[in-house]
Amino acid sequence: MTFAFKSAAAIAAAAAALLAASPALGAPVVLTSTMSGAAGPDGSATIRVEIEPALGDFCYVLAFKGLGAVTDAVVLPADAAPDAKPLLSLELTGVETDACVAAEPDLLKPIAGDPGKYQVVVRSKSLPQGAVKGVLARQ
């Protein structure tokens with residue numbers, strides 16, 4: 001076996017060991033939140049998010065109950081006012097939505113990296129400032 005072949009084999013073995021020991025590159029980041037708030041004890045919502053920042057994918061399942069006529073759901077910085085300009089607007093198709101929205105990777109990287117700095121707010125006709133809200137957390 002030549003020196004070049006031995007070196008290439010050693011590098012390949014080291015790379016394989018490194019990849020096997022670390023999480024998959026580009027694997028989705030899974031976040032969740034259980035929301036409550038102004039809608040009272042009968043109103044609630046949950047969200048499960050899978051973010052793939054490099055691909056610009058923000059996929060989610062959002063379910064709610066007891067909120068009346070829901071108008072929209074948004075992602076905001078955790079310290080933002082409920083009527084602040086959303087970082088992301090989430091499509092709603094009913095009381096349970098399974099959807100994806102495209103976003104710039106530079107927007108998604110901070111959310112995936114430090115989800116506790118971001119909240120999801122579900123707004124309704126009777127509570128336009130937010131019927132329920134919750135801070136995102138890693139699952």
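How many bridges join strand 1 to strand 9, and in which direction do the two strands run? The points below take up this question together with the fold, the core and the aromatic residues.

1. **Strand 1 and strand 9.** The model under review is a predicted one. In it, strand 1 and strand 9 run antiparallel and are joined by two bridges. One residue pair can be named here: Leu31 has Arg138, in strand 9, as its bridge partner.

2. **The open sheet.** The pairing of these strands belongs to an open sheet of five strands, arranged in the order 6-3-2-1-9 with antiparallel pairing. Strand 6 and strand 9 (137-138) are the edge strands; each has a single partner strand, so one side of each lacks a neighbour in the sheet. In general, strands of a sheet pair through backbone hydrogen bonds, in either a parallel or an antiparallel manner.

3. **Overall composition.** The protein contains two helices and nine strands. Read from the N terminus, the order of elements is α-β-β-β-β-β-β-α-β-β-β. Of the contacts between residues at least 6 apart in sequence, 56% join residues at least 24 apart.

4. **Helix 2 against the strands.** Helix 2 lies across strand 1, strand 2, strand 3 and strand 9, and runs at about 115° to strand 2. Helix 2 (105-113) is also one of the elements that give two or more residues to the largest nonpolar core.

5. **The nonpolar core.** The largest nonpolar core comprises 28 residues, and those with the most contacts inside it are Ile47, Phe58, Tyr60, Leu88 and Leu90. Besides helix 2, the elements giving two or more residues to this core include strand 1 (29-35), strand 2 (44-52), strand 3 (57-65) and strand 6 (96-102). As a general tendency, nonpolar side chains in soluble globular proteins are buried together.

6. **The aromatic pair.** A search of the whole structure returns one aromatic pair. Phe58 and Tyr60 form this pair, which is tilted, with 6.1 Å from centre to centre and 50° between the planes. Both residues, Phe58 and Tyr60, are buried.

7. **Surroundings of Tyr60.** Leaving aside residues up to four places away in sequence, Tyr60 touches Ile47, Arg48, Val49, Leu90, Glu91, Thr97, Asp98, Ala99, Cys100 and Val101. Ile47 and Leu90 are, like Tyr60, among the residues with the most contacts inside the largest nonpolar core.

8. **Burial and surface.** Of the 139 residues in the protein, 31% are buried. The accessible surface amounts to about 7900 Å², and carbon and sulfur atoms account for 61% of this area.

How values were computed:
Residues numbered from 1 in each chain as written. Predicted model: local features only at pLDDT ≥ 70, side-chain atom pairs only at ≥ 80, totals over all residues. Heavy atoms only, no water. Phe/Tyr/Trp six-rings, centres within 6.5 Å; stacked < 30°, edge-to-face > 60°. Buried < 20%, exposed > 50% of the residue type's maximum accessible area, 1.4 Å probe, protein only. Core = buried A, V, L, I, M, F, W, Y, C linked by side-chain atoms within 4.5 Å. Helix = DSSP H or I, 4+ residues; strand = E, 2+ residues; numbered from the N terminus. Contact = heavy atoms within 4.5 Å. Areas by Shrake-Rupley, 256 points an atom, 1.4 Å probe, with all protein chains shown as cover. Pairing = 2+ DSSP bridges. Axes fitted to C-alpha atoms, helices over the stretch in contact; angles between N-to-C directions.
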